[in-house]
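Please open the model in a viewer and keep the selection panel at hand. The tour proceeds from one pair of helices to another, and then outward to the chain as a whole.

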Amino acid sequence: MPLKRREFLKASAAAAAAASIGVNLIPGMENKLFADAITWHKSVCRFCGTGCGVMIGKKGDKVVAIKGDLENPINKGHICVKGFFLHKVIYARTRLLYPMIRKNGKFVRVSWDEALDYVAKRFNEIREKYGPDALAFYGSGQAETEETYMANKLFKGCIGTNNMEGNPRLCMASAVGGYLTSLGLDEPAGTYQDIEHAELFLLIGSNTAECHPIIFERIVRHKTKNPNVKIIIIDPRKTPTDQVADLHLFPKPGWDLAVLHAMAYVIIKEGYADLDFIKKHVNFKNNEGKDISFEEFQKFLEDYTPEKAEKISGVPASEIVKAARMFGQARTAMSMWTMGINQRTRGVWANNLIHNLHLLTGKIGVPGSDPFSLTGQPNACGGVREGGGLCHLLPGHRKVTNAKHREEVARVWGVPVSNIQPKPGKHTIAMFEALNEGKIKGIYIMCTNPAQSLPHAQKFWKGLKEQFVVLAESFYPTATSEYADVLLPAAFWAEKEGVYGCTERRSQYMPQVLQPMGEARWDAWILRDLAIRMGFKKEFEKYKTAEDIWNEYISLTKGRDMDLSGATYRRLKKVRGLTWPVPSEDHPGTYKRYVKGDPFFDKLPEEKKKGRRMYFYGKPDGKAVVWARPAKPPAEPTDKDYPFALTTGRVLEHWHTGTMTRAVLELERAVPKAYVEIHPDDAKKLGIANKDMVIVETRRGKLKIEARVIDRPEPGTLFIPWHWKEWLANLLTIDAFDPGSKEPEYKVAAARIYKA
Amino acid sequence: MKHHLVTLFGVFALSILLIGLSFALPEGTQGEQHPDVDFDVSCMECHAEETPDIFSDWQGSKHGFMNFGCYMCHGDGTVDFEIKPSTDKCASCHGGYSVDFSRLNVNSCFDCHPGHTLKLHQ
């Protein structure tokens, strides 16, 4: 980095301040800040998966302010501290402004023509010499749907490799696996509207207050108005979310499956199960997928009585019983979870067991009841899950293994169906291992920072260093740019139009209000022009506008469970998003799936719906599945050599690898560095005082870091926020992954800690 | 419990999350100098030691309860810094409220709502 950190921060702040002016909208106050000269543009926040509406304030050719969108039904004008400073990110000192190619070890500014010709030539050489599977794409849940769609077509449809992944593999894949195996189709049945109808919230593996603050605000608002509303938290660590908790269960990290089973045991034993709902809507299966009876399931649960679960998880049996009774007695219940459940080697199973509680009690398909997964990125659902941006998927919740799906997509893409391989490509960890092994020789990385965000990150630097790496990114430097051969400057939020699809199935349009900084270009056009240079002119030259891409994409969703064919740009520009299915332009969007009002439910034959309030149409008989999954431990349990369970996570003020939030001086000042949280009892035993420098060590690496002695983690647990490359928590995390979802276990690693 | 929740909700509704309208100071309003900033510690860590009374007040306030840090009102301490934050900055978060100062005997939000001990109409 050419600037020292302090100089850099000062320069960054100066640039941001110079670019921004204040506005004053309080009537009667002196209006000295030109509010009337500002034009406001409806958009969507760039950070987490909540999907908050924001208004971009523009004066002249600058974005000068941001405010929450009062008309947006998600956030109703509220924004969190990250969104509050979003406009400053545009003018970050760290924006990548020009294409660059590494020559003799140094990045040299080049023209777009030179950069794209070079990438096209190298990719074609690799493809011809080693075949299409020697190339790969690694994208992002922050990319727009249109951008991911173009990459999907280029790599799966034209180059002919399914080595196409995205960082949602690292955050949401287990939720996908849970929804598919339990309910039959991906993504939640309900929406945020359920919050205001819920009597009980089960927040498990989610620090909602810091990671989804606007959703937390809605929960708090609802609880304030309705004091009977209860909140249960299951998490090995206290967080700010605890301030509203009625009950907190603290399982040992990675051992919470037994707790969920024990809750199910109590729910059935004490008569809280909805036997009529179960009879009409639920099948039971064992871990091998074979049908079992309700009685056999109950017998299975005898291994997970509260007392047995206490021995496994460390949670007192009495508290498990209390939680189960609260869940059973509540008229409605909404579960919410995120990385604490998903980033696990048994993430899919943990998801299944949450669904189990809702299916056993019938707390699903009615207002206020839903197992509702929270998404980490703004377009992980829209662009990657729905858009098919993973190695086994195709657009519109389709699969590469399905011949009909391949034919449908190939026809719209205008490519021979034989181009799309019938076998899934390499999932994220396998992809980066293949880079290490030299089996993949060229990779295009877009809008993400794997050199910092992969688990056991240092293991994968070898491949990034040795193979041909193209990085399309809005910021420089990043941990990944250190390994790139070519840097392509990408337009940032507000400099491009497109669609984001958030946690609640809502797709929202974002306008372009600025010209991209420097020579940055929209990722979709970079991909289009690269494709044309690689020889796919016929397939790509037809795309002239973002709407061209969106229209083609939504045509592929027609008739699919996530039908967006009625969500045209014309509509999306006017409304605050639409929740699919939206099968026609006059359809208002769907609040709940699998019930009356869901267009797919409504058009089912009457004999199928008879006597049933839900029909899970992704399952052959319309019945969801309660799974009897064994309570497996984490991949790396603690032992005498590594007696602590290390877990990683986030803070309110920063996001992911800090590329955006660390460019905002106020946020950087708020939390300027990483630390390790250790319980006071553990610290005392080890002679560690607050602010001591300590070494945290796992079987993979060591990290020198400041200790924060605090009673947030339980004794035996350590916590490190992962946003800083200088204190890279992923040197310590394990790259073991869920065999179903392939999502790594960021949340549990055996560690030891000692004074530096 | 209800009181606790009302308090908590007030913090959320009126501090971090409400009707956000974010801005930075226009050029020319800088000038108040913060002592050299140590970029290895956060604002809060330093002020807990240097100005413990103010820190303690803030920590007990609704702003502190929600970890609504120094930087939101006082700026980053380098380029953007105000010892006494302007009322304009209140509008950044509380822009959803209509306040007609011509009908009041005060000129600033802070005349009624001191930021470090913010209690908001209780």
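Select α9(A) and α13(A) together: α9(A) passes α13(A) in a right-handed crossing. In this predicted model, helix α9 of chain A covers residues 257-269 and helix α13 of chain A covers residues 317-329. Their axes lie 8 Å apart and meet at an angle of about 60°. That angle is neither under 35 degrees nor within 65 to 115, and α9(A) and α13(A) are therefore oblique to each other.

Next, display the side chains at this crossing. From α9(A), select V259(A), A262(A), M263(A), V266(A) and I267(A). Facing them on α13(A) are I320(A), V321(A), A323(A), A324(A), R325(A), F327(A) and G328(A). Colouring the contact of α9(A) with α13(A) by class gives ten nonpolar residues, one polar and one charged.

Keep α9(A) on screen, hide α13(A), and select helix α15 of chain A, residues 347-361. How are α9(A) and α15(A) oriented to each other? The two helices pack at an angle of about 15°, with their axes 9 Å apart. Angles under 35 degrees count as roughly parallel, and α9(A) and α15(A) are therefore roughly parallel to each other. The crossing of this pair, α9(A) and α15(A), is left-handed, whereas α9(A) crosses α13(A) in a right-handed sense.

For the residues in contact, select L257(A), L260(A), H261(A), M263(A), A264(A), I267(A) and I268(A) on α9(A). Their partners on α15(A) are W349(A), A350(A), L353(A), I354(A), N356(A), L357(A), L360(A) and T361(A). The contact of α9(A) with α15(A) comprises twelve nonpolar and three polar residues, with no charged ones. M263(A) and I267(A) deserve a separate selection: both take part in the contact with α13(A) and also in the contact with α15(A).

Now colour chain A by domain. Domain 1 spans 5-90, domain 2 joins 100-171 to 379-539, domain 3 runs over 173-373, and domain 4 covers 644-733. Where domain 1 of chain A meets domain 3 of chain A, each contributes seven residues to the contact. On the domain 1 side, the residues touching domain 3 of chain A are four nonpolar and three polar, with no charged residue.

Finally, zoom out to the full chain. Chain A holds 28 helices and 29 strands. With a radius of gyration of 25 Å, close to the 27 Å that the globule rule gives for 756 residues, chain A is as compact as a globular protein of that length. Along the principal axes, its C-alpha atoms fill a box of roughly 70 × 70 × 70 Å.

Note on methods: Residues are numbered from 1 along each chain as its sequence is written. Chains are lettered from A and ligands numbered from 1 in the order in which they are written. This is a predicted model: local features need pLDDT of at least 70, side-chain atom pairs count only at pLDDT 80 or more; totals for chains, interfaces and linings use all residues. Domain bounds come from an automatic or database domain assignment. Two residues are in contact if their C-beta atoms, placed from the backbone, lie within 7 Å. Ala, Val, Leu, Ile, Met, Phe, Trp, Tyr, Cys and Pro count as nonpolar, Asp, Glu, Lys and Arg as charged, and the others, Gly among them, as polar. Axes are lines fitted to C-alpha atoms, for helices over the stretch in contact, and angles run from 0 to 180 degrees between N-to-C directions. Helices (H or I, at least four residues) and strands (E, at least two) are DSSP runs, numbered from the N terminus. Angles under 35 degrees count as roughly parallel, over 145 as roughly antiparallel, 65 to 115 as roughly perpendicular and the rest as oblique. A crossing is left-handed if the near helix is turned anticlockwise from the far one by less than a right angle, and right-handed if clockwise. The radius of gyration is taken over C-alpha atoms; the globule rule is 2.2 Å times the number of residues to the power 0.38.
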